[in-house]
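User: Please go through this model with me, one point at a time. I would like the reasoning with each answer.

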Amino acid sequence: MPDIFQLTYTSTASHPPGAQDCSEILAKSRRNNSKFDVTGVLVHNTTHFLQTIEGPELIVRILYDRISKDPLHHTLSIVDACMLERRQFGGWAMAYDDGNSGPVLRGKIETLLERCGPPVKAQFWVPSTHAGHTGSITH
C-alpha cells in the first residue's frame, strides 16, 4: 500500500533567482526537510520554479501551505499529486539541478516531467546535444 505522498508544483519567481537565492532556499529546505522526513527536488529556470516534495501526506500539505506564502514566488500551481510505494527523490533532503547533475538525478527529473504533462515539460525541458544523453533541465 502506498504511504508516501508526493506533490509537485510550479511557481513564478518574484524576481529572477540568483545563486545566493537558490543557496538560501536549498539550505532552509534541507534543514527543515530532514526534521520532518521530507525529500524532494528543486528545479528553476530564469522565471519559474518546479518543486517536488514527498513524505507523510499531512506534513507535505502543511509544508506546501507554508511554501505558498513565501514572497520569493507567486502563482503556484499544483501539477501533480500522488501516493507512491517509495520515494522518487529519497536520497536527497532537497535535490537541486543546476545543469550539472549526474544521470541518476536527471533521470528522476525526466520521469517526473513526463508525469507532469506537456506544458510543464516544455517549460523546464531543454534537449541536450550531448551524445547518449536525451536532455537536460533548464537552470
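Analyst: The expected span of a helix is 1.5 Å times one less than its number of residues. Helices (H or I, at least four residues) and strands (E, at least two) are DSSP runs, numbered from the N terminus. This is a predicted model, in which local features need pLDDT of at least 70, side-chain atom pairs count only at pLDDT 80 or more, and totals for chains, interfaces and linings use all residues. Residues are numbered from 1 along each chain as its sequence is written, and side-chain values use heavy atoms, with hydrogens and water left out.

User: How far apart are the end C-alpha atoms of helix H3 (residues 103-116)?

Analyst: Helix H3 has 14 residues, which at 1.5 Å a residue should span 20 Å. The model agrees with this, as the distance between the end C-alpha atoms of H3 is 20 Å.

User: What arc do the buried residues of H3 cover around the axis?

Analyst: Buried means under 20% relative accessible area, exposed over 50%, and partly exposed in between (1.4 Å probe, protein chains only). The buried residues of H3 are Leu105, Arg106, Ile109, Glu110, Leu112, Leu113 and Cys116. Taking the directions from the helix axis to the C-beta atoms, these residues are on the same side of H3 because they cover an arc of only 165 degrees.

User: Which residues are exposed on the other side of H3, and which residue just after H3 takes a positive phi?

Analyst: Pro103, Val104 and Glu114 are the exposed residues on that other side. Just after H3, a positive phi of about 100 degrees is taken by Gly117.

User: Within what arc do the buried residues of H1 fall?

Analyst: Helix H1 covers residues 19-36, and its end C-alpha atoms are 26 Å apart, in agreement with the expected span. Its buried residues are Asp21, Cys22, Ile25, Leu26, Ser29, Asn32 and Asn33. They line one face of H1, because seen down the axis they fall within an arc of 150 degrees.

User: Which elements do the buried residues of H1 pack against?

Analyst: The face of H1 turned away from its buried side carries the exposed residues Ala19, Gln20, Ser34 and Lys35. Contact means heavy atoms within 4.5 Å. The buried residues of H1 pack against strand E2 (39-44), strand E3 (48-55), helix H2 (57-68) and strand E5 (95-97).

User: Is Asn33 buried or exposed, and which residues does Asn33 touch?

Analyst: Asn33 is found in helix H1. Its relative accessibility is 3%, so Asn33 counts as buried. Not counting residues up to four places away in sequence, Asn33 touches Val38, Leu63, Ala93 and Met94.

User: How far apart in space are Phe5 and Leu58?

Analyst: Phe5 lies in strand E1 (residues 4-13) and is buried, with a relative accessible area of 3%. Beyond four places in sequence, the contacts of Phe5 include Ile53, Val60 and Met83. Phe5 and Leu58 are 53 residues apart in sequence, while their C-alpha to C-alpha distance is 8.7 Å.

User: Which element of the chain has the lowest mean pLDDT?

Analyst: pLDDT is the predictor's confidence in each residue, from 0 to 100. The chain averages 85, and 87% of the residues score at least 70. Over residues 129-139, pLDDT stays under 50. Among the elements, H2 has the highest mean pLDDT (96), and the lowest (41) belongs to strand E7 (residues 136-137).
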